[in-house]
Amino acid sequence: MIRHNSSVLLSFIVLYVGAALCGRPFVDAQPRGATEGRPYKTTSIAKVDPPSWWAKHTINPVRLLVRGTNLQGARVTSTNPELQVSNVSVNESGTYLFVDVGISPSLAPGTYPLIVGTRTGSTMFPFRLEPPLETRTNFQGINNDDIIYLIMPDRFADGDPSNNAPANAPPEANDRNNPRGFHGGDLRGIINNLPYLKDLGVTAIWLTPWYDNWNGLNRCEKPWCPHTYYHGYHAIDYYAVEDRFGNMATLRELIQKAHALDMKIIQDQVANHVGSQHPWVKDPPLPNWFHDTLAQHQLNKFTNSVLRFPNSNPADVRNVLDGWFSDDLPDMNQEEPEVARYEIQNALWWVGMTGIDGIRQDTIQYMPRFFIRDLSNALHRQYPKMWMVGEVFERDSAHTAFFIGGHKGWDGIDTRLDSVFDFALWNASLTVFTNKAPVRVLSDLLKNDKLYPDASKLTVLANNHDTRRFMSLEGSTEAGAMMHVAFVLSVRGIPQLYYGEEIAMRGADDPDNRQDFPASAFNADGRKPHEQKMFEWTRSWIQLRREHVAMRSGRMIDLFSDDETYVFARQHGNETLIIAFNRHKQPKQVTVPAGRIGLKDGLSLKSVIGVDTSSRVVNGEAALNLPAQTAVAFKAF
Ligand SMILES: [Ca+2]
Ligand SMILES: [Ca+2]
Ligand SMILES: [Ca+2]
């Protein structure tokens, strides 16, 4: 059966019957050509990707991938001259058909039948033309004014218990006591708690993938079993919303309500691989749809640095690009143009259907760079403000810089990628604020900004779902966690927080770092004192950032660094903020060359957050009194 709602099916039937009554050349819906004693080989359609598109779109014609049976020799026809069908190809086993559908700019939104005729019969499927979402509030992109907050929907809030135990899931898959089970969190839970996020001050929410994943439970003898795909990274349908999270209507409601509160939404997209339960794995649309097969494939050895040099062994490069991320993550082959086109259309379909403002692209370095470029270009062509950040999980700035857009690599390719996560700076900050390296490491690391065309475009993560929570790192302290988040919120780039860190949640390696957000903490009166302290601190730094353009977009200027201290300025026009970190157990006085960043003698520097302290510019210098083990922001008045 085609997965559409009943109203679409109804309009399809109306169209079909209407067209038949008008005597249009519909092919008979019954199979034909069957002979005595042989069963009919019925032509049927199970799935159409994408199920809908738009008129006046930059991708026209759109190419459909149709899954069915007995499609050999199929012809596809349209009863409407404003839908032009061409370029049909069918795979050898007759289970997949590709077809181009050209859409006339004047064709009105609605549902239109497309007829698939074969030697043995014919059938049809509805194709929807969607009304475009308005561009004033949707597709806004992410920029330096934003503060991103990462949520794993299964672990944030359960707003709809009715989706917690799908009919096709064994009860053990829904076991909240299993850290690798589904815990019941969903899109409704996020909708219900948008006021919490608004109060915290975040402006953009990144959700881990909402593609439909398998509802079942993997059993094995490995330490990570039994486990489920609660995290969403094993898609079984690139065109469906996870049924445990909600449906397309809930997703659109979430995005609309977030937008109404001036919060953006970022979708986690995963073009590199699908889940091993995807129907393609047993029956791929083309023999080269994946790199190799479930039975026989190479595993990615993650020797990622080979991508960066022209003289790497090509076999090593192929391993990183074609090797499977794990045995249950079949690797998509973007070198096959049908795959690349499918995935680019899919990315654009989600944007168009939901109005999302940005995309986080998973494991982006394991896909060919020409594909990253083509995907980025297609997004920007249709949605000029659209923003995509790539996960290049490397602590080496030279490596992450290779993938960000705005410059060509040795291969002549500019990926046009808007942003990458700054894992190098994240790592430095964690190391420094857990007392494992001198504070000057921060300033040293930031010297690598010269490797980026524009380092302000980096997404600076405080943490994410793949790493230990700060409070569970060796050497972590509450003071260290507070300095870390203050650093992320004041350094150049776009800050990204991870759910629960704002209430100092603990969590060791995956999946311990993905524990359920405590429902009690959504309200101030339910927070424990240590949770409230971290919440208030995080919120006040977010507030400071939102109030000062210098902190969001200002030039970053190093003023002082040593083993225990780092002081830098953020400057924009006439606005100057000086941000200071003193990790030492004692207060410390640091003299900074205020005159050399244009602060005139007599100006006063007053703390605008944290401990009350002030200083004055005298003879071009300011002696700042920094309290012990905390961060302070000064503003020049
Ligand atoms: Ca639920
Ligand atoms: Ca599912
Ligand atoms: Ca790959």
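Reader: How are the donor residues of the calcium ion (ligand 2) spaced in sequence?

Author: This is a predicted model, in which local features need pLDDT of at least 70, side-chain atom pairs count only at pLDDT 80 or more, and totals for chains, interfaces and linings use all residues. Residues are numbered from 1 along each chain as its sequence is written, chains are lettered from A and ligands numbered from 1 in the order in which they are written, and side-chain values use heavy atoms, with hydrogens and water left out. Donors are N, O and S atoms within 2.8 Å of the metal (3.2 Å for Na, K and Ca); water is not among the atoms, so sites may look incomplete. For the calcium ion (ligand 2), the spacing of the donor residues is D-N-x1-N-x26-E-D.

Reader: Which protein donors does the calcium ion (ligand 2) have, and how far from it do they lie?

Author: Asp 212 (OD), Asn 213 (O), Asn 215 (OD1) and Asp 243 (OD) are among them. Glu 242 (OE) is listed twice, and the donors lie at distances of 2.3 to 2.7 Å.

Reader: Is Ala 378 buried or exposed?

Author: Ala 378 belongs to helix α9 (residues 369-382), helices being DSSP runs of H or I with at least four residues, numbered from the N terminus. Buried means under 20% relative accessible area, exposed over 50%, and partly exposed in between (1.4 Å probe, protein chains only). Because its relative accessibility is 6%, Ala 378 counts as buried.

Reader: How far apart in space are Thr 293 and Lys 282, C-alpha to C-alpha?

Author: Thr 293 sits in the loop between α6 (279-282) and α7 (314-322). Thr 293 and Lys 282 are eleven residues apart in sequence, and their C-alpha separation is 8.9 Å.

Terms used:
Helix = DSSP H or I, 4+ residues; strand = E, 2+ residues; numbered from the N terminus.
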